[in-house]
Amino acid sequence: MEYRIPPGTEAVEKLEDFIVVNRLAPNTRIPSERDLCEMWGVSRTTLRQAVDTLVGRGVLYRVNGAGVYVSVGKKNRNMVGVDSMVGELRQQGSILAKKIISVRKVEATKQISKKLHVLLGQEVYEYILLRKIDDVPCILETTYLDCERYPDFEKYYTDKTSMGRILKNVYHRKQISGEEHISVTYASEQEAALLEIIPDSPLFFTSGVVKDEEGVIIMYYKQLIRGDKFKLVSRIESE
């Protein structure tokens, strides 16, 4: 029996091809449902499902009463490799900014002591940051560092300085490797307000540690990442 591509899948592919072939720039309105249905001989139900799929992927977006438009596109966030996320986003042409929402010294909980390899109750720095990309809040980040290993860190780290550069130039610790875990969660009201999204919107949740050249853990971090702005990319290289 001959296999045929389902109409919905075919409509998604045709829409994607239409955007590429016609070189539609971001924020360009695509043709109306009626025009596309006549062009491709598909039903409105099938076309709407295809549009819904591409809206969910971040390829298109809807404006109530004004039609469907081509999105700017999601940014890549590499899941494998030593290069920092900030460096990769800059290579993608993004304008980055961060705001330190909170900085304090806290006692290490069981989770923090396990991740940082410090004693339970030992004092650690807790930084809560909001990262903006092209002036859009996209990442809510919490980072923990050992106060004993990095004394006076709060004197050096500000909205305008780089954590990686401070660790390298002041404390002579270079970020070399790391381990990261990724799952999906949903925004609380407070998280949604900071990220300027609707409560219960899906978010990527990542947590991990960063190590120096000697394999010593430098920091433990957690990030909430807007799923409508990012796609996670894994690079695989054969030996």
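## Salt bridges and cores: a quick tour

Asp212 counts as buried, at just 2% relative accessibility. That's a good place to start in this predicted model, since Asp212 also meets the side chain of Arg173 in a salt bridge. In total, the structure holds 9 salt bridges, and there are nonpolar cores to look at too, one with 17 residues and another with 16.

**The Arg173–Asp212 pair**

- The N-to-O distance between Arg173 and Asp212 is 2.5 Å.
- Arg173 sits in the loop between helix H7 (163-169) and strand E7 (177-186), while Asp212 sits in the loop between strand E8 (202-211) and strand E9 (217-226), so this salt bridge ties together parts that are 39 residues apart in sequence.
- Unlike buried Asp212, Arg173 is partly exposed, because its relative accessibility is 21% and the buried class stops under 20%.

**Two other salt bridges**

- Arg226 pairs up with Asp228, and their closest N and O atoms are 2.8 Å apart.
- Here the Arg is the buried partner: Arg226 has a relative accessible area of 8%, whereas Asp228 comes in at 43% and counts as partly exposed.
- Back to the Arg173–Asp212 pair for a moment: salt bridges with shared partners link Arg173, Asp212 and Glu214 into one network.
- Asp152 and Lys155 make a salt bridge as well, with 3.8 Å between the closest N and O atoms.
- Neither of these two is buried: Asp152 is partly exposed at 37% relative accessibility, and Lys155 is exposed at 61%.

**The nonpolar cores**

- In soluble globular proteins, nonpolar side chains tend to be buried together.
- In this model, the largest nonpolar core has 17 residues, and the members touching the most others are Tyr127, Leu145, Phe153, Tyr157 and Leu167.
- Strand E5 (123-133), H7 and E9 are the elements that give two or more residues to this core.
- Another core lies apart from that one; its 16 residues include Ala11, Phe18, Cys37 and Val51.

**Who does Leu167 touch?**

- Setting aside neighbours within four places in sequence, which residues is Leu167 in contact with? The list runs Leu145, Tyr150, Phe153, His172, Arg173, Gln175, Ile218 and Met219.
- Two names there, Leu145 and Phe153, also appear among the core members that touch the most others.
- Arg173 is on that contact list too, so the salt-bridge partner of Asp212 brings us back to the loop between H7 and E7.

How values were computed. Residues numbered from 1 in each chain as written. Predicted model: local features only at pLDDT ≥ 70, side-chain atom pairs only at ≥ 80, totals over all residues. Heavy atoms only, no water. Salt bridge = Lys/Arg side-chain N within 4 Å of Asp/Glu carboxyl O. Buried < 20%, exposed > 50% of the residue type's maximum accessible area, 1.4 Å probe, protein only. Helix = DSSP H or I, 4+ residues; strand = E, 2+ residues; numbered from the N terminus. Core = buried A, V, L, I, M, F, W, Y, C linked by side-chain atoms within 4.5 Å. Contact = heavy atoms within 4.5 Å.
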